[in-house]
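Open the model in your viewer and keep the selection box at hand. The stops below say what to select and what is there.

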Amino acid sequence: MTRNRTALAVVVAMLALFPFAGATFYTELVTKVMILAIFALSLDLLVGYTGLVSFGHAAYFGIGAYVLGLMAPKYEAASLWLTLPLAVVAAGVAALAVGVFVVRAKGIYFIMVTLAFAQMFYFVFHDTAFGRGSDGVSMNFKPAAEIAGTAIFDFANVTHTYYFVFALLVLVFVFLRLLLRSAFGRALQGIRSNEHRMRSLGFPVYFYKLASFTLAGALAGLAGYLSAMQFGYVSPELLSWHQSGNVLLMLILGGLGSLYGAVVGAFAFVALQEIFQSLTKHWQLLLGGTIVLLVIFLPGGLSSVAGRFRRSVVGEPEDDRG
Amino acid sequence: MDIYSFLIQLLNGLQYGLLLFLVASGLTLIFGIMGIINLAHGSFYMIGAYMAFTLSSLTGSLFVAVVLGIVLSVVLGIFLEWALFSHLYHRDHLEQVLLTYGLILVFEELRSLIVGNDVHGVNVPAILNWSLPLTDTLSYPVYRLFISAVCIVLAVLLYLLIKRTRLGMMIRAGASNREMVQALGLNINLVYRLVFALGVALAAFAGMIAAPVSSVYPGMGTGVLIICFVVVVIGGIGSIWGALVAALLIGLADTFGKVLLPEAAGVVVYLLMAAILLWRPEGLFRRV
C-alpha cells in the first residue's frame, strides 16, 4: 500500500513537472492524453464499477465538445465559467435522457442500444443545420477564464492548458475515488457483482444505474469540452463509434475496475497509436491485429498484461507478495 | 405525394428493409444461437459489395461474381469461426466486442490496401437493366424489384431451413440448450460453424446484390451494422421472424422519413427504436 502511494506520488510529481522538461510537442501530447484519461475514467465508472458495457460513450464526449463549438462567438472568446459547466450539464442531461431507455437493457442489448443512441447523436450533428454538418466547427478563440476582468488562465498558452487539464484530471480522479468509497459507490459495485442480490436487499437498482450512467456522461462531457478547447475544432467524428471503441480499448489496456488503470490505459493507447502511426500509413491494421491477438491469446487475462503494463509504465514494483 | 410516388417510396422502403433483413438475420442467429455479439458483421456486407465489384470487373458478369462470392464468403465464414470466433463462446461480451472491433479495423484497412479508398459503381446486369413505366414520367427500375424478390425467396428458404429440416432442428436445439445437445451426441461445434458461415454468406450476399444500387464505398459496412443492431433490438434477439418485421419497419420508416422529414432523416429510425424499447424492452418477439 505504501509502495503504491509512493509510486502514485512519483507519477503525480512527474506529470506536474513535465512541461519544464518536454518540448511543446510533448506538452501538447500529454495534455491530449490526460484529456483521454478523464474520458477513460468516466467510462470506467460504468464498465469497471457498475458492470455496464457502454459502446456509445463517445456521444457524451462529443456533446461536451459541441457545447463549446456551437456557443463560441465568432469575434470574441467564450467565457469558460459559462461554457464549461454548461458542457458538463448538457452531456449529463443527454446521458440521463438516453439512460432512461437503456439502463433497463442487459448484456448484449445494452451494448447495442448504447451504440445505436450514440449513432443518433452522431447524425444530429452530422446532418442537421443545428450541428453545422459534417465539416464541423472551427473556433477562432480559446475560451477566456477571467475573474473581475483579469485572465487567470491563458489557453492559447500550451503550459497553461496543460496545468488546467492536469488539475481537472486530479480532481476527477479524487472525486471518483471518494465516490467509489461512499455508500453510493459501494452499491454500484454491488450491482456489478450481483444485481439480483442488490435488488432483493432493497436497493433501487434502476436509479443507481441511471445515476452512474448520467454521471459518467457528464464527466465524458468535461473531457470533450477540454478536447474542443485544446484543438479549437469540433466535428461529428468526435461522436463516432471508433471513439467509443478506442476508449473501451484504453480501459482494457489499463485494466478494468481500477482508476489507475484508466489513466495508464490512456497513456498506453496513445503510445501504441503513435508507435503504429510512425511505422505505417495503414496503422489501423496493426492496431486491429493487436486487439484480436490480445483477446485470443490472453483468455480472460487481459488484466495480466495490464499488470505488466502498469509495472513497466507507472514503475510500480514487481509483485513480490507471493 | 401522389399515389405513384407513394408506390415508388413504398417499394424502395420494402426493398431496403428486405436487404437489411438478410444482414440482420445472420446477426440475430449468431446472437441467439452462439451468444456472440459480432460487430464485424457489417464488414461482411462490405466485403460482399467489394467482391461484387472486383469479381464482376474481372469476369465481366455480376451473376458469376455472385456465385464465386458466395463460395468465398462461406469459406471466409468457416475460417473465421475456426480461427477466432470459436474461442469466444465462453468469454464475456466485452471481449467479444473488442475482438470484433479489432476485426473491423483489420477488414477496413485491408480493403483500403487492396482496393483503395475510391467510390466505385457496379453495373446492373443488362438483362435486368430496364424500368417498368408507371406513368408518362415515372418508372421503377426492375433491378430493385429483382432484389426484393430474391430476398423474399431467401427469407422463405431460411424459414424452411429452420423449421423443417434436421439441421434446423439442431440449430433450434442448440439455441435452447447447448449442453443437452452435446450430451445427445450431436456435434454442436459443427452446427455453430455452419450457422456462422450462413450468417457471413447472407450478409455478403446482401452486399453483393446491393452493390449496383448503392455503389461501393469505404465505411459502408459500419452504417449497415448499426442499422441492423436497431433491427435486432426492435425484433428481439434471436428471433428471425422479429428480424423480418423489424427490418421492414425500419426500411419503411427510413425511406419515408427521408421524404417527409429530410432534416431529421438520420434520427427517425433511432426514435422509433426508443419508442419500441419503452413499450417492449425485450423487443417485439423473443426466440427463433
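Start by colouring chain B by pLDDT. This is a predicted model, and among the elements of chain B the lowest mean pLDDT, 82, belongs to E1(B), while helix H3 (residues 62–83) has the highest, 94. Over the whole of chain B the mean is 89, and 99% of the residues reach 70 or more.

Now colour chain A in the same way. Its average pLDDT is 85, with 91% of the residues scoring at least 70. Within chain A, helix H13 (residues 302–314) has the lowest confidence, with a mean of 55, and helix H9 (residues 205–231) has the highest, at 95. Select residues 317–322 of chain A as well: pLDDT stays under 50 there, and the model has 2 contacts beyond four places in sequence for this stretch. For the complex, the predictor gives an ipTM of 0.85 and a pTM of 0.88.

**Stop 1: helix H3 of chain B**

Go back to chain B and select B:Trp82, which is found in helix H3. Is B:Trp82 buried or partly exposed? B:Trp82 counts as partly exposed, because it has 13 C-beta neighbours inside 10 Å. Add B:Gln15 to the selection: B:Gln15 and B:Trp82 are 67 residues apart along the chain, and their C-alpha atoms are separated by 33 Å.

**Stop 2: helix H1 of chain B**

Select residues 3–34 of chain B, which form helix H1. What should the 32 residues of this helix span at 1.5 Å a residue? The expected span is 46 Å, and the end C-alpha atoms are 45 Å apart, which agrees. Look along H1(B) for a kink of about 30°, centred on B:Val23. Of the 32 residues of H1(B), 23 are buried, so the helix is largely enclosed by the rest of the structure. After H1(B) comes B:Gly35, which has a positive phi, near 70°.

**Stop 3: where chain B touches chain A**

Show both chains. In the contact between them, 36 residues of chain B meet 35 residues of chain A. On the chain B side, the elements that give two or more residues are H4, H9 and helix H11 (265–279). Which of these gives the most? H4(B) does, with 16 residues. Sorted by class, the side of chain B that touches chain A has 27 nonpolar, 5 polar and 4 charged residues.

**Stop 4: helix H5 of chain A**

Select residues 107–127 of chain A, which form helix H5. The 21 residues should span 30 Å at 1.5 Å a residue, and the end C-alpha atoms are 30 Å apart, which agrees. H5(A) is largely enclosed by the rest of the structure, because 18 of its 21 residues are buried.

**Stop 5: the largest nonpolar core**

Select A:Ala116, B:Val230 and B:Val231. Of the 198 residues in the largest nonpolar core, these three touch the most other members. H8(B) gives the most to this core, with 18 residues. Next, keep A:Ala116 and show its contacts, leaving aside neighbours within four places in sequence: they are B:Ile226, B:Phe229, B:Val230, B:Val233, B:Tyr270 and B:Met273.

**Stop 6: B:Val232**

B:Val232 is found in helix H9 of chain B. With 30 other C-beta atoms within 10 Å, B:Val232 is buried, because the cut-off for that is 20 or more. Beyond four places in sequence, the contacts of B:Val232 include A:Met112, B:Ala24, B:Leu27, B:Thr28 and B:Phe31. Between B:Val232 and B:Asn38 there are 12 Å, C-alpha to C-alpha, although the two are 194 residues apart along the chain.

**Stop 7: two loops of chain B**

Select B:Ser215, in the loop between helix H8 (188–214) and helix H9 (220–235). Most residues other than glycine have a negative phi. B:Ser215 is not a glycine, yet its phi is positive, about 60°. B:Ser215 is partly exposed, with 14 other C-beta atoms within 10 Å.

Finish at B:Asn117, in the loop between helix H4 (93–114) and strand E1 (131–133) of chain B. B:Asn117 counts as exposed, because it has 10 C-beta neighbours inside 10 Å. Which residues does B:Asn117 contact, apart from its neighbours within four places in sequence? They are B:Ser112 and B:Pro218. Finally, add B:Gly223, which is 106 residues from B:Asn117 in sequence and 16 Å from it in space, C-alpha to C-alpha.

Technical notes
Residues numbered from 1 in each chain as written. Chains lettered and ligands numbered in written order. Predicted model: local features only at pLDDT ≥ 70, side-chain atom pairs only at ≥ 80, totals over all residues. Helix = DSSP H or I, 4+ residues; strand = E, 2+ residues; numbered from the N terminus. Buried ≥ 20, exposed ≤ 12 C-beta atoms within 10 Å, placed from the backbone. Contact = placed C-beta atoms within 7 Å. Expected span 1.5 Å × (residues − 1). Bend = angle between axes of the 7 residues up to and from the residue. Nonpolar A, V, L, I, M, F, W, Y, C, P; charged D, E, K, R; others polar. Core = buried A, V, L, I, M, F, W, Y, C linked by C-beta atoms within 7 Å. pLDDT = per-residue confidence, 0-100.
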